[in-house]
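Me: I have a model open and want to learn how to read its fold. Can we go through it feature by feature?

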Amino acid sequence: MSGSSASTPQEITVSREQRQMSVRWQDGHHSVFGFDLLRKECPCAMCGDQRRQRAAGGGLDLLVLSGPILRPGEVQATDVKPVGRYALSFVWSDGHDSGIYTFTLLRDLCPCPACRSRAASAAPESGAR
Ligand SMILES: [Zn+2]
Ligand SMILES: [Zn+2]
């Protein structure tokens with residue numbers, strides 16, 4: 001599955017006032033990502049480890065944050081930069097900046113009901129590439 005137009009943004013709007021990013025994709029789909037979601041789904045190795053440890057703990061929601069604790073509703077994007085033509089990099093208000101959000105990942109993260117039901121029917125882990 002290539003789906004290049006589905007993972008190619010046509011227009012990206014970052015609103016620090018509403019704390020969300022909206023993306024219009026080339027296939028016409030529209031995604032709105034809250035900063036809380038984006039920060040939580042940070043794809044960097046460190047945050048991935050934290051998520052895996054949580055999953056290994058039988059769903060116990062123990063989260064040890066390396067930076068200042070930010071409650072949902074507080075995280076702010078300090079900076080957003082394009083990474084090449086395939087990804088975005090966010091600097092969060094807790095100082096974390098190592099996540100590279102590829103457009104493919106963002107499209108996968110789309111929180112709209114249509115994409116959520118599609119993701120639920122797909123395998124949750126597609127394995128290592
Ligand atoms: Zn991270
Ligand atoms: Zn969607």
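Me: How many helices and strands does the protein chain have?

Reply: Start with the inventory. This is a predicted model. Its protein chain has 4 helices and 6 strands.

Me: In what order do the elements run from the N terminus on?

Reply: Read along the chain. The order is β-β-β-α-α-β-β-β-α-α.

Me: Which strands form the open sheet, and in what order?

Reply: To read a sheet, find each strand's partners. Here 3 strands form an open sheet, ordered β1-β2-β3, with antiparallel pairing. The edges are β1 (9-15) and β3 (30-34), since each of these pairs on one side only. From one strand to the next, the twist averages 15°.

Me: How many bridges join β1 to β2?

Reply: Count the bridges for each pair. β1 and β2 (residues 20-25) run antiparallel and are joined by 6 bridges. Within this part of the sheet, P9 stands opposite W25 in β2.

Me: And how many join β2 to β3?

Reply: There are 5 bridges between β2 and β3, again an antiparallel pair. Follow one residue across: M21 has F33 in β3 as its bridge partner.

Me: Which residue takes a positive phi in the hairpin of β2 and β3?

Reply: Look at the residues that link the two strands. This hairpin has 4 residues between the strands. G28 takes a positive phi near 95°.

Me: Which residues make up the largest nonpolar core?

Reply: A core is read as a connected set of buried nonpolar side chains. The largest one here has 11 residues: M21, V23, W25, F35, L38, V75, L88, F90, Y101, F103 and L106.

Me: Which elements give two or more residues to this core?

Reply: Map the core back onto the elements. Those giving two or more are β2, α1 (35-40), β5 (87-92) and α3 (103-109). β2 gives the most, with 3 residues.

Me: What is M21 in contact with, leaving aside neighbours within four places in sequence?

Reply: Now zoom in on one core member. Outside that sequence window, M21 is in contact with I12, T13, V14, F33 and L38. F33 is also the bridge partner of M21 in β3, while L38 is listed with M21 in the core.

Me: What share of the 129 residues is buried?

Reply: Step back to the whole chain. Buried residues make up 12% of the 129.

Me: What part of the contacts with a separation of 6 or more comes from residues 24 or more positions apart?

Reply: Sort the contacts by sequence separation. Residues 24 or more positions apart account for 41% of those contacts in the protein chain.

Conventions
Residues numbered from 1 in each chain as written. Chains lettered and ligands numbered in written order. Predicted model: local features only at pLDDT ≥ 70, side-chain atom pairs only at ≥ 80, totals over all residues. Pairing = 2+ DSSP bridges. Axes fitted to C-alpha atoms, helices over the stretch in contact; angles between N-to-C directions. Core = buried A, V, L, I, M, F, W, Y, C linked by C-beta atoms within 7 Å. Buried ≥ 20, exposed ≤ 12 C-beta atoms within 10 Å, placed from the backbone. Contact = placed C-beta atoms within 7 Å.
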